[in-house]
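Trainee: I should be grateful for a close look at a single part of this structure, followed by an account of how its surroundings are arranged.

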Amino acid sequence: MASTSAGDPSSESRNWLEMPEEIMGGMILGRLGAVEILDSVQKVCRNWRRICKDPAMWKVIDMNNGFDGLNPDDLEKVCKQAVDRSCGELIDITLNFGTDDLLDYVSLCSRKLTRLCLTDCYAFTGCGLNYAVKRLPHLETLELSYISIDTEEIEVIGHNCPQLKSFTMENEFRDGDVDAHAIANSMPALRHLKLVGSIMDSDDRVRAILSGCPHLQSLDIRGCFYLHLDGNLEKLCRERIKDFKFKRNNIPPVRNEYSDRDATPSEIDDFFDGIGMDRPEYDDEDDDDDDNDYGNGIDDDYWYFQRCTISGKDDFDDYTVYSP
Amino acid sequence: MSKKTLTLMSKDKQLFNIEEHLAVQSVTIRNMVKEDGASSVIPLPRVDSETLALVIEYLNRQQAPEEDEDYVKKFVDERGEIPTLLELAQAALDLDIKKLMDAACMKVADLIKDFTLEEVREALRIENDRTPEEEKAIRDEFQWAF
């Protein structure tokens with residue numbers, strides 16, 4: 001061990017359980033995922049079990065990892081356990097599974113919640129979310145990706161969360177024009193807004209956001225592929241908003257009804273750069289990069305990439321596309 | 001005029017010199033200097049000499065503020081041993097050097113994230129002190145995990 005010194009016999013038998021709890025608890029163990037803590041960490045010894053019962057460990061709950069071997073029902077139980085243990089101290093939760101019922105449970109028990117992040121789960125609905133946010137008066141950050149929500153519901157959320165300062169909406173083929181209108185109408189206190197994958201092609205909507213959300217400090221619309229801001233408007237955005245992210249001529253990686261050709265490799269890079277993500281890893285030297293062959297590098301990005309890969313018209317028709 | 005130097009003493013009584021303007025990145029030392037000028041030796045009863053040498057190295061090699069985040073991350077990455085990192089985290093807690101403590105704790109969390117139960121016990125030399133009854137209670141409580 002690097003820290004073991006010959007002149008200091010005590011370090012050889014150093015008892016790490018004597019570490020100050022503020023380090024071992026909140027700073028280290030609290031950073032692990034909820035499943036890991038409940039399934040593993042708390043079983044290490046009595047002392048850690050006690051630490052794991054401290055509500056301070058559960059101010060932030062991340063259910064985004066530790067999926068192995070657990071079905072959605074079990075995960076929901078784990079999540080409710082974690083919420084129970086926070087004893088109402090929960091301020092930040094990330095869920096990528098679950099139902100409106102779970103959301104209801106979280107919101108009932110967690111009045112102090114300031115950040116709610118729901119990803120990759122169409123089982124959450126705008127209606128359920130609306131019920132939940134009514135009970136969360138301190139909610140400041142809301143991140144939604146790939147959940148079932150319609151534009152009216154976004155507007156209701158805005159009205160129910162007057163403190164909302166940061167909003168992220170990620171979903172391909174949404175009618176971004178209508179969403180932008182709802183956001184501009186209902187979220188006047190926003191400081192940070194990020195829209196990924198929206199089909200927003202009208203400059204007027206960006207103007208609406210500018211006037212509806214006068215306090216914006218950051219606006220990220222790199223993921224809005226079909227937007228072609230006119231020069232004056234882009235200049236205005238850059239003047240008004242400290243951190244303005246916009247990219248012209250983003251082409252999604254795979255042909256759909258909005259683009260008539262496949263993207264080139266460099267355009268695919270641009271795409272992922274455009275939405276602020278790393279390109280999924282796959283073997284560049286492997287010429288055989290058909291849809292199903294991405295080597296072993298299967299990770300979240302891979303699934304993201306899969307979702308972006310709406311390759312055939314038939315698949316595409318499954319999505320509801322509103323026309324502006 | 002030469003720069004003012006402070007002397008820190010580790011728990012195994014080794015002395016380390018460091019220039020005052022660098023040492024005051026530690027909030028603990030800054031407060032001491034403010035209070036009494038910290039003319040004498042500053043004892044650090046919970047920090048061993050190897051760890052203190054690391055802390056001094058960290059304080060001495062401070063970068064421009066904008067490079068600081070990367071630097072502290074690299075600094076803890078290079079010291080990937082869990083016991084070293086825990087000592088470092090505790091020293092940073094005592095000396096109130098927040099960035100160093102955050103980075104060291106985050107690195108430990110990263111390292112133990114993928115450990116099995118036994119690996120965690122081994123890495124931290126923790127003995128399983130739970131009685132069979134307690135084992136059973138946990139199993140009953142978390143049946144989904146089995």
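Mentor: Let us begin with one arginine of this predicted model. The side chain of B:Arg79 forms a polar contact, at 3.5 Å, with the side chain of B:Glu78. B:Arg79 is located in the loop that joins helix H4 (68–77) to H5 of chain B. Although it sits in a loop, B:Arg79 counts as buried, because its relative accessibility is 14% and the cut-off for buried is under 20%. Once neighbours within four places in sequence are set aside, B:Arg79 is in contact with B:Leu54, B:Glu57, B:Thr84 and B:Leu85.

From this loop we may pass to helix H5 (82–95) of chain B, which is among the elements that the buried residues of H2(A) pack against. The others are helix H6 (98–112) and helix H7 (117–124) of chain B, together with helix H4 (46–51) of chain A. On the side of chain A, the buried residues of helix H2 (residues 21–28) are A:Ile23, A:Met24, A:Gly25, A:Met27 and A:Ile28.

A:Ile28 also appears in the largest nonpolar core, which has 121 residues; A:Ile28, A:Trp48 and A:Phe167 touch the most other members. The largest share of this core, 9 residues, is supplied by H5(B). As a general matter, nonpolar side chains in soluble globular proteins tend to be buried together.

A:Trp48 has contacts in both chains: leaving aside neighbours within four places in sequence, they are A:Leu17, A:Met24, A:Leu29, A:Val41 and A:Gln42, and, from the other chain, B:Val120, B:Leu124 and B:Ile126.

The backbone of chain B deserves attention at B:Arg125, in the loop between H7 and helix H8 (132–141). Phi of B:Arg125 is positive, near 50 degrees, in a residue other than glycine. Most residues other than glycine have a negative phi. B:Arg125 counts as partly exposed because its relative accessibility is 32%.

A comparable backbone feature is found in chain A, where A:Cys87, likewise not a glycine, has a positive phi of about 50 degrees. A:Cys87 lies in the loop between helix H5 (72–85) and strand S2 (92–95) of chain A. With a relative accessibility of 54%, A:Cys87 counts as exposed.

As to confidence, the average pLDDT of chain B is 85, and 92% of its residues score at least 70. For the complex, the predictor gives an ipTM of 0.83 and a pTM of 0.72.

Key
Residues numbered from 1 in each chain as written. Chains lettered and ligands numbered in written order. Predicted model: local features only at pLDDT ≥ 70, side-chain atom pairs only at ≥ 80, totals over all residues. Heavy atoms only, no water. Buried < 20%, exposed > 50% of the residue type's maximum accessible area, 1.4 Å probe, protein only. Helix = DSSP H or I, 4+ residues; strand = E, 2+ residues; numbered from the N terminus. Contact = heavy atoms within 4.5 Å. pLDDT = per-residue confidence, 0-100. Polar contact = N/O pair within 3.5 Å; in protein donor to acceptor, adjacent residues only side chain to side chain. Core = buried A, V, L, I, M, F, W, Y, C linked by side-chain atoms within 4.5 Å.
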